[in-house]
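Welcome! Have a look at the model below, then try each exercise before you read its worked solution.

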Amino acid sequence: MELDERKLKILKAIIQTYQDTGEPVGSRTISKYSDLKLSSATIRNEMADLEEMGFIIQPHTSAGRIPTDLGYRYYVNQLIEEKDQQVSEMKDFIIQKVDRLELLLKQMARILANNTNYATMITGPSYSNTKLKFIQLSAMDSDKLLVVVVVDGNLVKNSMVSLRRKISNQDILSLNLLLNSKLNGLSLNEINLGIIRELETQAGDYGDIVKEVVDAVADALNADGGDMQIYTSGATNFFRYPELTTSQTASDLIHTFEEKTDLENLVKQAIQDSQNAGEGSDSLRVYIGEEMPLHTMRDCSVVTANYELKDGVKGTIGIIGPKRMNYQKVMDTLRNLTAQLDIIFDEPDRKD
């Protein structure tokens with residue numbers, strides 16, 4: 001027996017509210033606290049249908065409804081299906097050996113927000129002593145060359161090089177062999193002037209192209225070469241909590257998530273506090289209310305954790321919610337996620 005989306009949402013709202021209160025749930029409660037935006041009359045009609053179908057019952061006259069065993073079973077089956085889908089999505093990322101770490105982190109932020117019903121942020125990777133893994137030159141047009149640079153952590157950077165003259169496919173192949181044989185496995189500090197001059201000499205007429213390619217490699221290896229990248233998800237979850245939905249509070253929170261500059265300052269503060277406290281790279285930090293480094297989030301709490309993978313890949317994960325957030329669940333989730341990240345990024349390389 002399948003439920004349409006509206007009935008499923010009402011059933012979920014009844015079960016979740018009953019789990020929290022232990023009291024029969026009425027239509028007015030559902031209309032007030034769910035995101036259905038339906039009238040009490042409409043919800044009563046849907047609840048009557050759910051009762052007729054055996055998913056909920058009315059324990060006594062004039063009472064609200066409570067779930068039946070059938071209702072719980074349907075709810076649990078839906079949860080299992082959702083979790084299986086999320087696991088499948090993660091496995092797809094592993095099987096396909098996703099080269100762009102950013103894609104995986106965006107997916108992680110979305111899944112984390114869905115699982116916790118809070119807002120989430122994940123910083124893009126920064127690198128300690130990053131090394132070059134691969135360079136690929138490919139002709140795009142007669143006057144352009146695509147440079148693909150892959151560094152530790154399978155982070156991919158693309159750039160275009162303008163050509164002053166035509167270059168044959170054979171010469172492009174020779175440049176690829178030359179650059180990879182000389183530069184692979186080197187960090188930015190190890191690519192010195194002597195190596196660059198040797199490359200330019202061996203490239204002959206294409207020494208100018210080598211110079212531009214090396215510049216592209218330097219940009220990709222430079223850990224401080226750009227602003228911190230932050231991926232966010234679940235900002236609309238703020239509206240689940242009445243204490244965060246006043247016009248000014250909601251506006252400040254959404255603005256913070258859109259601009260991200262303040263989030264970057266929050267991450268830097270969390271990293272600095274961890275270092276000052278002598279905490280390990282996997283430590284959790286919790287800021288509650290007035291402890292928050294950001295004035296716009298003084299009505300919230302945030303829990304942060306650092307992830308550190310092989311090849312010097314580092315970043316920070318944060319969960320932001322009301323001060324009454326489920327701290328135990330959030331901290332357990334972050335610890336589990338940082339452990340899973342290690343597995344996800346190690347697995348593809350073991351299969352190579």
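**Exercise 1.** Work out whether Glu200 is buried, partly exposed or exposed.

*Solution.* Start with the cut-offs: buried means under 20% relative accessible area, exposed means over 50%, and partly exposed is in between, using a 1.4 Å probe and protein chains only. Glu200 has a relative accessible area of 27%, so the residue is partly exposed. Before going on, note that this is a predicted model, where local features need pLDDT of at least 70, side-chain atom pairs count only at pLDDT 80 or more, and totals for chains, interfaces and linings use all residues. Residues are numbered from 1 along each chain as its sequence is written, and side-chain values use heavy atoms, with hydrogens and water left out.

**Exercise 2.** Find the helix that holds Glu200, and describe which residues line its buried face.

*Solution.* Helices (H or I, at least four residues) and strands (E, at least two) are DSSP runs, numbered from the N terminus. Glu200 belongs to helix H7, residues 193–203. The buried residues of H7 are Ile195, Ile196, Leu199 and Ala203. Looking down the axis of H7, they fall within an arc of 100 degrees (taken from the directions from the helix axis to the C-beta atoms), so they line one face of the helix. On the other side of H7 you will find Leu193, Arg197 and Thr201 exposed. Just after H7 comes Gly204, with a positive phi near 60 degrees.

**Exercise 3.** List the residues that Glu200 touches, leaving out those up to four places away in sequence.

*Solution.* Contact means heavy atoms within 4.5 Å. By that rule, Glu200 touches Gly207, Val210 and Lys211. Take Val210 as an example: Glu200 and Val210 are 10 residues apart in sequence, and 6.1 Å apart in space from C-alpha to C-alpha.

**Exercise 4.** Describe helix H9 by its span and by its two sides.

*Solution.* H9 covers residues 247–259, 13 residues in total. The expected span is 1.5 Å times one less than the number of residues. From first C-alpha to last, H9 reaches 18 Å, close to the expected 18 Å. Its buried residues are Thr249, Ala250, Leu253, Thr256 and Phe257. Seen down the axis of H9, these fall within an arc of 130 degrees, so they line one face of the helix. The face turned away from the buried side carries the exposed residues Ser247, Gln248 and Glu258. Lys260 follows H9 and has a positive phi, near 70 degrees.

**Exercise 5.** Classify the ring pair of Tyr118 and Tyr241, then that of Phe238 and Phe257.

*Solution.* Rings of Phe, Tyr and Trp (its six-membered ring) pair if their centres lie within 6.5 Å; planes under 30 degrees apart count as stacked, over 60 as edge-to-face and the rest as tilted. The count by this rule is three aromatic pairs. For Tyr118 and Tyr241, the ring centres are 5.8 Å apart and the planes are at 35 degrees, so the pair is tilted. This pair links distant parts of the chain, 123 residues apart. Tyr118 counts as buried at 7% relative accessibility, and Tyr241 counts as buried at 10%. Phe238 and Phe257 form an edge-to-face pair, with 5.5 Å from centre to centre and 85 degrees between the planes. Phe238 lies in the loop between E8 and H9 and Phe257 in helix H9, so the pair ties together parts that are 19 residues apart in sequence.
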